[in-house]
Structures are given as C-alpha cells and as structure tokens.
Amino acid sequence: MDYGLEILEEFSSLYAYDLTVAIFGSEAELYAEDFTVEQSLVDRYNLTIAPYTEFIKDKHILDIGCGTGMWAVLMLMAGAKSVTCIEPKRFMADGINVFAQKHKLNLVCHCATHLDLLERDEVYDTVFVIDAGCNLYNFAPHYIGQLRNLTNHLIIVDKHIDPVYGELYVKRIKSFDHRSGISFLPWETVFDAPQTDLDDSDPDNDSRQGRALYMYMSPEYYKHAFWVLDYKVVDFRENTTAINQSALLGMFVFVVKTTQ
Amino acid sequence: MKNSNYLERIRFAIEIVNLKEHSPDWMNPGDPNWDQILDPCISIGIDSLSDNITDELLDRYILLPGPNTLIFDYTVYNIGEHQLKIKIHDIENDNWLLPPIQINKLRIQSIPVLPNGIYYPADSNEELFGARLLGQRGEWKFTFITPVKESGGLKLGLWS
C-alpha cells in the first residue's frame, strides 16, 4: 500500500533539496541532490500522516521537536492551515524559517523546548510529537494534562520503540547542538515518568551512562486521564534491509483526546 | 542525479589546524617576517576495506595559521567499511615533539562527527587511538560505514 508515495515524490521534487540545504548548508548538497523516497519513508508516512488527515486538514498544528521540519511540510501538503514548530536546536529552527520564507509556506519554527510551551498562549487543534518523544522523558501524564489548555488532540508517533516490550524507548543521552555549542540536559528537569530501573539518587549509577529506560506509555496507564483514540505498535524488523543501527525496526503510535 | 549506479556521494570537510608557532626569537616574538604559513603535500584518500579499492589524491595545500577547512567529495559504490586516510608527506622544520598540524574537526555531509581516528607513525608499528596531531610521514585513518545516510550515529538526513 503506497498511499503516501505520490505525495512524498512531490515533496522530494519540490522541497527536499531546499529544506536540506537551508538547514545543513552547502556541505549537504550532495545528500540533498540524492534524496530519494525509500519504502521505509513511505511506510512511516502511512503510519504518521495518512491515518490522521482528519486531525490535519484545515487545522492549526503544533509539531513538538520538529527536527528538520520534514513532517511539518508534509502536514501542510496534507492540507493543514498552519504548522508551528518547536525545536531546541538553533540551526534547525533557523533553517526551517529560511526555507518557509523562500517557499512562502504557513510554517514557523520557534527555538524552544516542550517545557516552554506551557508559558505560551497559543491554542492548536492538534499537537504532533514525531520521533521526539524519546527525548521527552518527562512526557508523563501530568505534562500531557497541562497540554489540555493547548490542544484537543495529541498524536505521538515514534520509531524509538523497545522491540521486546513494544513501548516507547526513552533515550537518556546528553543532547548537544554542535553548531551553536549549546548542550541541553533533558534529565536535569524533573523525571516524572514511571520508573523501573532508575535510581536518580546516585549520580554515578549506570543509568546515567545511557542505559535504556522504558516509559510505559500504554493505553492502560493513560486511560484514566485521557481518551485514547488509537494505540498501535508496528514491527518492521522482518522487512528491513538496512544494515546500520538506525534501521527502522518499528513504529509506536499513540493518539489521545485531551479534552472531552 | 538520482537512480545512478553509485551507492551515495559523500562530502567531507576536514578542519586542519596549523599550529606552527610564531617567531622563536625571544627578542622579537612578533616578527612579521616569520612565516607561519605551511604548504605541505597532503594525500587524502578513501579505502574500501571490503573490496580493497583505494582512491587517493596527493596535493599541496596552503595552510594559514589557525584552522583551515579542506572540503572534498567522494563517490561510494559499495556497502561496508571504508577508511578516510590523511597523510602529510613533507613539512619543512617538522618536529615530532611538536607536530605542527592537527585534525580538529571532521564533518560528513555537513554533520560533525567525532574525529576519533587512529594515527600510524611512519617509523614504528604503534597505533595511536584518538590521536589528532599529524607528524610527518605518518598516516591518520578514520573508519566509517557506508551508506552513511543510514548511520544512526550521524543523525543525517531529513527524517533521521
């Protein structure tokens, strides 16, 4: 089912080169010229955008942790009225804004983190967190609860899943923006997700050295506070042919209605 | 350029720092006539370890005092381990105690990577892991796996 192939080919021909060069600069020109739509990207589109067009079309969208902004552009192509992005890496946020101005897209990116959102007054129809949930380890129920003032629907799609338990894999690594030289330590903020193998009282505990944590983002845990509309874990391990560690192993999809 | 027979095209950027000091004359430390510019012959090449293919280019570079960025492109045809190798062929007044050239940064497709290569001195069988100072005649090698666009460590691309 190559539902997204056509729109991704259009993205590739219209936007991929400019978006890549706007963010990564001329040193990424060769990569930008050779950008191709691979089947794994089509698969991800079919899980990330295609099933949720009712939450995208004619809506104002917020994309938390947008990265390069590719999904934000694809949401605009799927009919979104506007997309606002949040991305803490300065060079990415700046590049997206330059790209959006060049193509006159209703897309703006703020250099901020998800915690900064709570201080903002804007309201959005839908909030997306795509491949960023792994960095938001404090993406716990009460934080999502605070998003009630911000949005009606929250959609979390992530490839960082734990293949054994099929749950969101939360990285515990230091994030560092090489371009600006700014490091931001997500674990410095309050860890309020359910913990199983973490002892924060000991700074030398090996959990500080990057040991995996598993955030139990499952319907059972969240059904008391939210209206779970969709939850699925898709395993791609049998289909992947990629050799490196970033091979797409699976996808985690979690959709909740934050208000009744 | 799409759907060609190559695996990928990679642009490397290597920042080499010319560490040659100012005038050694303690009476005249700021002597403007003292030439801090280096113009070594440097060979930069890629080895495909799986297919025993070597591609190497020898050229003379002008290295101004401080950081200098060398950019070059390479086309990869096969999957697997590759080695970027850099060798300084001649520097006047080279001194093994104070090597005047250092590899400071390495970027692949604009993405900074930790340049944790291995330095092989010419006159010994040592392997100096993590060394960044390049002495004369030795060789510095950095291993990477192609296709780099699928590398989890590089975080390259629009959707990585």
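Which residue's side chain meets that of D94(A) in a salt bridge? The partner is R90(A), with 3.9 Å from N to O. This is a predicted model, and that salt bridge is a good place to start a friendly tour of it.

**Salt bridges**

Side chains of opposite charge can pair when their charged atoms come close. Counted over all chains, the structure has 11 salt bridges. D94(A) and R90(A) both belong to helix α5 of chain A, which covers residues 90–103. The two are four residues apart there, so about one helical turn separates them. The table sets this pair beside two other salt bridges of chain A, with the relative accessibility of each partner.

| Salt bridge | N to O distance | Accessibility of the partners |
|---|---|---|
| D94(A) and R90(A) | 3.9 Å | D94(A) 36%, R90(A) 43% |
| R120(A) and E122(A) | 3.2 Å | R120(A) 25%, E122(A) 33% |
| K232(A) and D230(A) | 3.6 Å | K232(A) 27%, D230(A) 21% |

Take the last row as an example of how to read these values: a residue is partly exposed when its relative accessible area lies between 20% and 50%, so D230(A), at 21%, counts as partly exposed. K232(A), at 27%, is partly exposed as well. Salt bridges also reach across the two chains, where E29(A), R11(B) and D73(B) are linked in a network.

**Inside chain A**

Now look at helix α3 of chain A. Seven of its 10 residues are buried, so this helix is largely enclosed by the rest of the structure. Among the buried ones are L41(A), V42(A), R44(A) and Y45(A). Their cover includes the helices α1 and α4 (70–77), together with the strands β4 (124–130), β5 (151–158), β11 (227–235) and β12 (250–257), which belong to chain A too.

Just before α3 comes a loop that holds an aromatic residue worth finding. Over all chains, the structure holds 10 aromatic pairs. In one of them, the ring centres of F11(A) and F35(A) are 6.1 Å apart and the planes stand at 75°; angles over 60 degrees count as edge-to-face, so this pair is edge-to-face. F11(A) sits in helix α1 (residues 5–24), whereas F35(A) lies in the loop between α2 (29–33) and α3 (39–48). The pair thus links distant parts of the chain, 24 residues apart. F11(A) is buried, at a relative accessible area of 0%, and F35(A) is buried too, at 3%.

**Chain B**

Chain B has zero helices and 11 strands. Of its 160 residues, 48% count as buried. Among its contacts with a separation of 6 or more, 68% are between residues 24 or more positions apart.

Aromatic rings appear here as well: ring pairs join F12(B), F72(B), W140(B), F142(B) and F144(B) into a cluster. Elsewhere in the sequence, K141(B) places its charged end over the ring of Y120(B), 5.2 Å from the ring centre.

What about the outside? Chain B exposes about 8,700 Å², and 51% of that comes from carbon and sulfur atoms. On the surface, I37(B), I62(B) and L64(B) form a nonpolar patch, with about 270 Å² of accessible area together. I62(B) is found in the loop between β3 (53–60) and β4 (66–76). With a relative accessible area of 56%, I62(B) is exposed.

Key. Residues numbered from 1 in each chain as written. Chains lettered and ligands numbered in written order. Predicted model: local features only at pLDDT ≥ 70, side-chain atom pairs only at ≥ 80, totals over all residues. Heavy atoms only, no water. Phe/Tyr/Trp six-rings, centres within 6.5 Å; stacked < 30°, edge-to-face > 60°. Buried < 20%, exposed > 50% of the residue type's maximum accessible area, 1.4 Å probe, protein only. Lys NZ or Arg CZ within 6 Å of the ring centre and 35° of its normal. Patch = residues over 30% accessible without salt bridge, like charges linked within 9 Å, V, L, I, M, F, W, Y side chains within 5 Å. Areas by Shrake-Rupley, 256 points an atom, 1.4 Å probe, with all protein chains shown as cover. Salt bridge = Lys/Arg side-chain N within 4 Å of Asp/Glu carboxyl O. Contact = heavy atoms within 4.5 Å.
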